[in-house]
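Colleague: Could you pick one part of this chain and go through it closely for me, then set it beside the rest? I'm at the bench all day, so keep it plain.

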Amino acid sequence: MIIQLFPLWALLLSVMAYLQPTLFVDFKGYILPLLMVIMLAMGLTLSPKDFKAVGKNAKAVGVGVLLQFLVMPITALLIATLFGFDSDLTVGMLLVGSVAGGTSSNVMCYLAKGDTALSISMTAISTLLGVVFTPLLVAWMIGTSVDVPVSSMLLSLVKIVLVPVAIGVLLNTLAHGFVRRIEPALKYVSMFAIVFIIAIVVALSAGKIASVGALVAVAVILHNATGLILGYWVTAWLGFDKKVCRTIAFEVGLQNSGLASALAVKFFTPAAALPGSIFSVWHNISGSLLASYWSKKPIKEATE
């Protein structure tokens, strides 16, 4: 129940951070360490077989990753341009669109009766590829008007993502029994960390929220919806079965928005982290609603 109410906890703490930002702004320096904890927890749920499984579903993984790093960044730029966002919010939208898929996609996929093994493999691969793709995509799409520190971002992503995930996978391999015993607690640790990150970002950008918060929320909802819709229908058009289509829809539409917020705060401005913090709340709501809908529609009866 506590985990299922994640959007509520995120919303409540965000409201508190907005009304009393001084309670959270001093924790700005904890954003990256908290994110590293999240990535370590993700690594502890992975094993070498999750990466080896990619070969068995190479076509599906390839299509999913391609959609992930094409649909989401391009859509982010189009929406930011359509809404007339300034450079800070445009960078924020692009960061959300250019990071890897979120780990919540694995849970949503399971609830929606998708291919959970494929989901885990895709999240693992997109996470590793995102270390390189994220800074390159952002620089390519907006680098002419905004200074994007590609090398520094790449190095930070290695430290924030690659190293913690690798340590987690190694620990899970060498001490599998111990990891299995503590696994139930990992989701709570991750939830607390991401909720606290969201609160810090909201506190840091409280002034910006007052003027453009509602508009950014609409942009984020459109961004997320586009990823979910195209993730499903493009793969359906390519002839994949509905189980795979559901899986890729979640992988494309649900982003590692906590990472996007952390990168925004570190390399750009607190305002640039606003799209990521709103996305973190919203994609868990939309993902849960879609998973609930699909869970009631067995694959053989699905007509969507």
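**A close look at α10**

Modeller: Let's start just past the end of the helix: α10 is followed by glycine 239, whose phi is positive, near 100°. Before going further, a word on the ground rules. The model is predicted, so local features need pLDDT of at least 70 and side-chain atom pairs count only at pLDDT 80 or more, whereas totals for chains, interfaces and linings use all residues. Residues are numbered from 1 along each chain as its sequence is written, and side-chain values use heavy atoms, with hydrogens and water left out.

Helix α10 covers residues 206-237 and has a kink of about 75° centred on valine 212. The bend at a residue is the angle between axes fitted to the seven residues ending there and the seven starting there. Helices here are DSSP runs of H or I of at least four residues, strands are runs of E of at least two, and both are numbered from the N terminus.

Now for the partner. α10 packs on helix α13 (residues 274-295) at an angle of about 40°, with the axes 9 Å apart. These axes are lines fitted to C-alpha atoms, for helices over the stretch in contact, and angles run from 0 to 180 degrees between N-to-C directions. That makes α10 oblique to α13; under 35 degrees would be roughly parallel, over 145 roughly antiparallel, 65 to 115 roughly perpendicular, and the rest is oblique. The crossing of α10 and α13 is right-handed, meaning the near helix is turned clockwise from the far one by less than a right angle (anticlockwise would be left-handed).

Valine 212, where the kink is centred, is also among the α10 residues that meet α13. Others on the α10 side include Ile209, Val216, Val220 and Tyr232, facing a set in α13 that includes Phe279, Trp282, His283 and Trp294. Contact means heavy atoms within 4.5 Å. By class, this contact has 15 nonpolar, five polar and one charged residues. Ala, Val, Leu, Ile, Met, Phe, Trp, Tyr, Cys and Pro count as nonpolar, Asp, Glu, Lys and Arg as charged, and the others, Gly among them, as polar.

For a second pairing, take helix α7 (residues 116-142) and helix α8 (residues 150-174), whose axes come within 9 Å and cross at roughly 160°. That makes α7 roughly antiparallel to α8, and their crossing is right-handed. Among the residues that meet are Leu128, Val132 and Leu136 in α7 and Met153, Leu157 and Val161 in α8. The α7 contact with α8 has 14 nonpolar, three polar and no charged residues.

Stepping back, the chain has 13 helices and zero strands. Its radius of gyration is 18 Å, close to the 19 Å that the globule rule gives for 304 residues, so the chain is as compact as a globular protein of that length. That radius is taken over C-alpha atoms, and the rule is 2.2 Å times the number of residues to the power 0.38. Along its principal axes, the C-alpha trace spans about 50 × 45 × 40 Å.
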